[in-house]
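Please look over the model shown here with attention to its cysteines. The notes that follow take up the free cysteines and then the bonded ones.

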Amino acid sequence: MTPAGDLAPRRFQPVFRDRDELPASADLGKAIEEALAASRYLIVVCSPRAARSRWVNREIETFAELGRSERVFAFIVDGEPNSRDERECFPPALRQMEPVAADARRQGDGRANARLKLLAGMLGVSFDELKRRDEQRRFRRRLLTAVFVLAFVLISVGLVRYAGQRTLEAGQARQEAAAAEATAAAEAQVRSTAQAQAEMAQATVVMEAQVRATAQAQAQEQRQVAMARQLAAQAQMVWGETGSGLLWSMLLATESMRRFPSLEGDQVLHRGLALFPPLVAQAAHEGKVNAVAFSPDGRWAVSGSEDATVRLWEATTGREVARMRHEGAVRIVAISPDGKHIASGSADGTMRVWEAASGQEVARVTHEGSVEAVAFSPDGRWVASGSRDHSARIWEVATGQETAKMLHEGEVTAVAFSPDGRWLVSGYERPFENDGGAVVWETATGQEIARMKRGGRVWTVAFSPDGERVALGGWGDNAALVWEVATDQEIARVVHGGPVNAVAFSPDGRWVASGSWDYSMRVWEANSGRIVASRGHDGGVETVIFSPDGRWVLSGSRDGTARVWEAAGGREVARMFHGGAVNAVAFSLDGRRVVTGSEDNRVRIWEVARMEHQGEVSTLAFSPDGRWMASGSADGTVRLWEVATRQEVARMEHSYVRAIAFSPDGQWLASGSGEGTIRVWEVTTGQEVARLEDRYEVTAMAFSPDGQRLAIGLGSLGNTVRVREIASGREVARMVHDGPISGVAFTPDGRWVVSGDQHGTVLVWDAASGQEVTRIAYESYVNDLALSPDGKWVAVALGMGDNTVRIAEVTSGQEVTRMEYRDVTEGVAFSPDGTWVASGGRDGTTRVWEAASGQEMARMEHRGTVKAVAFSPDGRWVASGHSDGTVQVSLWRPEDVIAEACARLPRNLTLEEWQQYIGDEPCRPTCPNLPDLCTPSALTPVPLPMGEGQG
């Protein structure tokens, strides 16, 4: 009987074993979850391997979520409970409970007593009681044996004396009856004991089966971990390989993270995601795309294709807005400066002008050969066309009237207006003679101004921003060169290893970018030809352009990629994939987006903008609703960004901004500067609503929970934290430190302030009286601090000589955990639930740690020092501000990073690639959202799946 008066179960059935139910994903299988929900008890076989198993830990968490944590039993077979090192046998979730623990080790309870402990826990009786019952059963078994012996003796004696002792027959009969009665009782006891022993044996078999199942599951998990680490190592190895190296690296890292999240796989994915820009929209033609352009306002993208159509697309969705048709392949398109008209040239021998809004044809001019080039004049009044009929012509857009016709010695391949519209330059080639040249014409009259003959064909031309020079390139001498129109002199020349397909001047005219079939993109000085940057694709470069601000160069290549490079130095900052040669590229006028067109028939629009200041970013904050993020910089501005689009929505001018903070209701944003001014801005309007002044630089700041006060930390010479009312400016309390203040925070109830200084002290003090509550001293200076949401812990970023992030209890100052860095730590932040800590430092990394254990979970690499970090209110994003002026917002949870990688990757591994890197394991798609390439006939590269609004 149990203490509740119920009959104890004869058997504990059914018993569920999870050996065959563990999934290869990040979640428990449905069968396990249903079994856990239907189970009365959970027995955890505890060992160091079980403690490291995320599946065992997740089963315990799930059972506890069902409200049955008091029915979890620990069966210790190896390791040491609560040791917090490699011997630890309790999974993390079990360490949060106080389970019944049966220690089967020799130095513990022993196997027999451990089993009895488990049975005692499940029956609801004490171990001593069950032990006593077991000893009683053993005593009864010995008594039964004695009874048997006694009965045998008595019967034997009775038989011997039977003949001679007739007078004792009655007594003997009674003795025999008593013996028979004892025998029956003994047999009943034997049956009871046998039944108990059978039940014990069955429980032993069940536990041993569970031990075997757990061992098998752990072995399977270890195999997955080993494969995951192997794939992560391979991903790092193939990163820099030419061809598909980057793509393979990302796919292998994604596969690795799916099997078992690791820091190595995480780093590869974050590095790749920093290069792969988000795809905003995509659309499709029925033939390869030869030309693309953005409207001046960035709302529309236009494309021309071999399918003989010109199409206008909505840039944010890829929805087709208008379709214009030629009778032949469209070679080139252009949009007028006011965005009202589109010009297109076609192999059908016509140049046509269309109304952008309606797609209606407003003018048509006919050449006697394919039209290879079109261009609008800067004022939009004229449009020029160049044709293989050896002519370039200028037409009035409004009337379609030809105003000038310029004849050439060869086929016209390129035209461009000078920035003031006075001149038109045209390039031509003579295919049979393998030469060509460029001619400058007066726009109004068509009169020749200058002519340059060269030893090769001219395929591309561009005017310098001042209109005094022309860059050109082509086939034959494989040279890109700069020609001064007034003097008819060559100024600079750069020789490629193959034909030059494209040239472009930077907006300031200092540099020229050129792209060649030798796979290279080069940036060089327009006056000298000195190479500024030289970078390679894995195929011939078809097109190059500068971004509107001149910082970036965009190139499209036959290797199926478009890439964005830093103009100064050539560092690659973005890579966009197609399933065929990228023939055409364009920047939006604001430089935020790129449109690409490819031989895979696709038009794609990408978001390449970065969140940037012109000086180091020293402070960051998310609004409470997560819609906005604010950043403060040494460039003297506070910038407000829309988190969803990464677009700047407001800019507030200030001097060197050292601290910012959102009010708890998100209506206000406060900023503190190096000159000692605190300004409070209305978030929705960017208007200043309050201003407080101080004599010293403001280095840290925090709103009180009621939003009525500000805790203001002051820097050198000030060394003070002041609590001031915003409305009146009145000082409520102050705390003087021994050094410049580096961090400040209110506790959630607003009662205390926590502040840190660069002399290594963290103080906890009363916000009303300024009375000190707790003092925590470190041997290195405090660079930043953050308070956990419940106010129990403070995380501190420490400087030179320590290079750690430490977490301590606020009330006692006792250290909870520490995280080691290679260099000085600069910024620290708690996640909204207090489970995680983000930190950044001079080693150029942003890291996410588990607060309780100090285990590193994710790492993002950057170019410069990380000065500030912040979690989004939902905890999914980590923002970091850097010394190079950039702000980066990154996903960090493994499941989010994997999903984001699959959203940006162009394809899965093919069967051949799977077998090369993973082996004989059955091939499956790494990214379920992408086509399955696990068939022998699957070919690569594979286009991205079509998206919303595609034709």
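## Cysteines without a bond

C46 is buried, with a relative accessible area of 0%, where buried means under 20% relative accessible area, exposed over 50% and partly exposed in between, using a 1.4 Å probe and protein chains only. The closest cysteine sulfur to that of C46 belongs to C89 and is 5.4 Å away, which is too far for a bond, since a disulfide is taken as a pair of cysteine sulfur atoms within 2.5 Å. C89 is likewise in no disulfide, and at 0% relative accessibility C89 counts as buried.

## Basis of the values

This is a predicted model, in which local features need pLDDT of at least 70 and side-chain atom pairs count only at pLDDT 80 or more, while totals for chains, interfaces and linings use all residues. Residues are numbered from 1 along each chain as its sequence is written, and side-chain values use heavy atoms, with hydrogens and water left out.

## The disulfides

By the distance rule, the count comes to two disulfides, and when the bonded cysteines of the protein are numbered in sequence order, the pairing is 1-3, 2-4. One disulfide joins C902 to C927, with an S to S distance of 2.1 Å, and this link is left-handed, with -80° about the S-S bond. Both C902 and C927 are buried.

In the other disulfide, the sulfur atoms of C923 and C934 are 2.0 Å apart. The torsion about the S-S bond of C923 and C934 is about -65°, so this disulfide is left-handed. C934 is buried, with a relative accessible area of 17%.
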